[in-house]
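Hi,

Here is the structure I said I would pass on. Have a look at it first, and then read my notes underneath.

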Amino acid sequence: MLSTRLTKYLGIEHPIISAPMAFASGGKLASAVTNAGGLGLIGGGYGDEIWLQEQFDEAGNTVVGCGLITWALDKNPDCLDLVLSKKPKAIFLSFGDPAIHAKKIKSHNIPLICQIQTLKDAKHAVDIGADIVVAQGAEAGGHGEKRATFTLVPEVADYLATHAPNVLLVAAGGVADGRGLAAGLMLGADGVLVGSRFWAASEALVHPNMWQAGIKATGDDTLRATFADVARDRDWPERYSINLISNEFSDRWHNDEAALAANEKAKQSWRQANLDGDTSIANAFVGEAIGQISSIETAVDIITNMMQEAEILLRNKW
Ligand SMILES: Cc1cc2nc3c(=O)[nH]c(=O)nc-3n(C[C@H](O)[C@H](O)[C@H](O)COP(=O)(O)O)c2cc1C
């Protein structure tokens, strides 16, 4: 048992939250994580309400939270009403300004988790009433920015300790085993948010070919890039890029985004490959921690192993 402020606040057994990974974190994964003693989040991503409804149905009576991409929510604010109607354990906002949605979430007495990439954004998250701040380093899978987990987490921890001691801190980016969990706690976090490791959980919604590419990859094979958003016609704010596994498509189009934007055939080939699981063209959106992942495991096994390893490290090593 590792009891932290996060486990007490959320009423969970282990200080582990699964990331709300768009398209990959459905109700099955989120409920498996909650049932294993963590908090599972559905990856509401860009706010497809039909998909969200299906995933909450899939989670059934298990209490889960839900994440939404903030700038996409700005364009489709009604989606928040659907999520609120499901009475989630927490709502997680990332990538954009959470201010306009915070009041509504808090008026429903639902904990607000804000994922941030800079100290400046952490301060803003505190100002708009975040209950939990997730400090995400650049090692993370999916979208992110440039600060490293190892320096961002303690810097935010120091800020919170002085200015907002009741706001909890969660570390994200590169945590895939008990070493990462123990390190996150040692850096001052109250728990960890885990994405790539749960992307490789058997309950995740991931094409098996993508899993195979992930298992083969090392951290060296990952790349922070923007071409994949161009290929998908996703209008992401400039400051964010995606961590992904490089392949022939990235060899060709990384740093040539303007040409890709004008090439409908190439963009379409990426989208089709993503559906078909053709990993020479479509990229798996995972982070550097992929180099520590060598098998697809159930969420309960991932959490059990992570907890056992972290407890041994924290109790016996020093
Ligand atoms: C496949 C994938 C999709 C992701 N999609 C989202 C998303 O839709 N919204 C979000 O806030 N974060 C998303 N993330 C980022 C996670 O919230 C988290 O910061 C990250 O996974 C932590 O780093 P790790 O992958 O090293 O564990 C995604 C991550 C992955 C791996």
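Below is what I found, going from the sheets to the strands and then to a helix pair and one residue.

Before anything else, please keep in mind that this is a predicted model.

**The eight-stranded sheet**

Start with the open sheet of 8 strands, where the pairing is parallel. If you want to trace it on screen, the order is β1-β9-β8-β6-β5-β4-β3-β2. The edges are taken by β1 (16–18) and β2, and each has a single partner strand, so one side of each is left without a neighbour in the sheet. From one strand to the next, the twist averages 25 degrees.

**Around β3**

β3 covers residues 65–69, and 5 of its 5 residues are buried. Which residues sit on each face of β3? Gly65, Gly67 and Ile69 are on one side, with Cys66 and Leu68 on the other, and all of them are buried, so to speak of both faces as covered is fair.

On one flank, β3 is joined to β2 (residues 41–43) by 3 bridges, and the two strands run parallel. Two of the facing pairs are easy to find: isoleucine 42 is opposite cysteine 66 in β3, and glycine 43 is opposite glycine 67 in β3. To get from β2 to β3 the chain goes through α3, and this β-α-β crossover is right-handed.

β3 also pairs with β4 (residues 91–94), in the parallel sense and over 4 bridges. Cysteine 66 turns up again here, as its bridge partner in β4 is isoleucine 91.

**Around β6**

β6 (residues 132–136) is worth a look as well, since 5 of its 5 residues are buried. Ile132, Val134 and Gln136 point one way from the strand, while Val133 and Ala135 point the other way, and all are buried.

Which strands does β6 pair with? One is β5 (residues 112–116), in the parallel sense over 4 bridges; here cysteine 114 has valine 133 in β6 as its bridge partner. The chain passes from β5 to β6 by way of helix α7 (residues 119–127), and this β-α-β crossover is right-handed. The other is β8 (residues 168–172), again parallel, with 5 bridges between β6 and β8. Alanine 135 has alanine 171 in β8 as its bridge partner.

**The three-stranded sheet**

There is also an open sheet of 3 strands, in the order β7-β11-β10, and here the pairing is antiparallel. β7 (142–144) and β10 (222–225) are the edge strands, each pairing on one side only. Ignoring direction, neighbouring strands in this sheet are turned by 30 degrees against each other on average. β10 and β11 (residues 241–245) are linked by 4 bridges in the antiparallel sense, and alanine 225 has isoleucine 242 in β11 as its bridge partner.

**Helices α3 and α5**

Back to α3, the helix in the crossover from β2 to β3. How do α3 and α5 pack? Helix α3 (residues 49–59) and helix α5 (residues 78–85) pack at an angle of about 10 degrees, and their axes are 11 Å apart. That angle makes α3 roughly parallel to α5, because angles under 35 degrees count as such. In the contact, α3 brings Glu49, Leu52 and Gln53, and α5 brings Cys79, Leu82 and Val83. By type, the contact residues are 4 nonpolar, 1 polar and 1 charged.

**Leucine 152**

One last stop is leucine 152, in helix α8 (residues 149–163). Is leucine 152 buried or exposed? Leucine 152 is buried, because 25 other C-beta atoms lie within 10 Å, and the cut-off for buried is 20 or more. Leaving out its neighbours within four places in sequence, leucine 152 is in contact with Ala135, Gly137 and Arg147. Ala135 has already come up, as one of the buried residues of β6. Tryptophan 211 is another matter: 59 residues along the chain from leucine 152, with 29 Å separating the two C-alpha atoms.

Over to you, and send me any thoughts once you have had a look.

Cheers

Conventions:
Residues numbered from 1 in each chain as written. Predicted model: local features only at pLDDT ≥ 70, side-chain atom pairs only at ≥ 80, totals over all residues. Axes fitted to C-alpha atoms, helices over the stretch in contact; angles between N-to-C directions. Parallel < 35°, antiparallel > 145°, perpendicular 65-115°, else oblique. Contact = placed C-beta atoms within 7 Å. Nonpolar A, V, L, I, M, F, W, Y, C, P; charged D, E, K, R; others polar. Buried ≥ 20, exposed ≤ 12 C-beta atoms within 10 Å, placed from the backbone. Pairing = 2+ DSSP bridges. Right-handed = clockwise from strand over helix to strand, strands pointing away.
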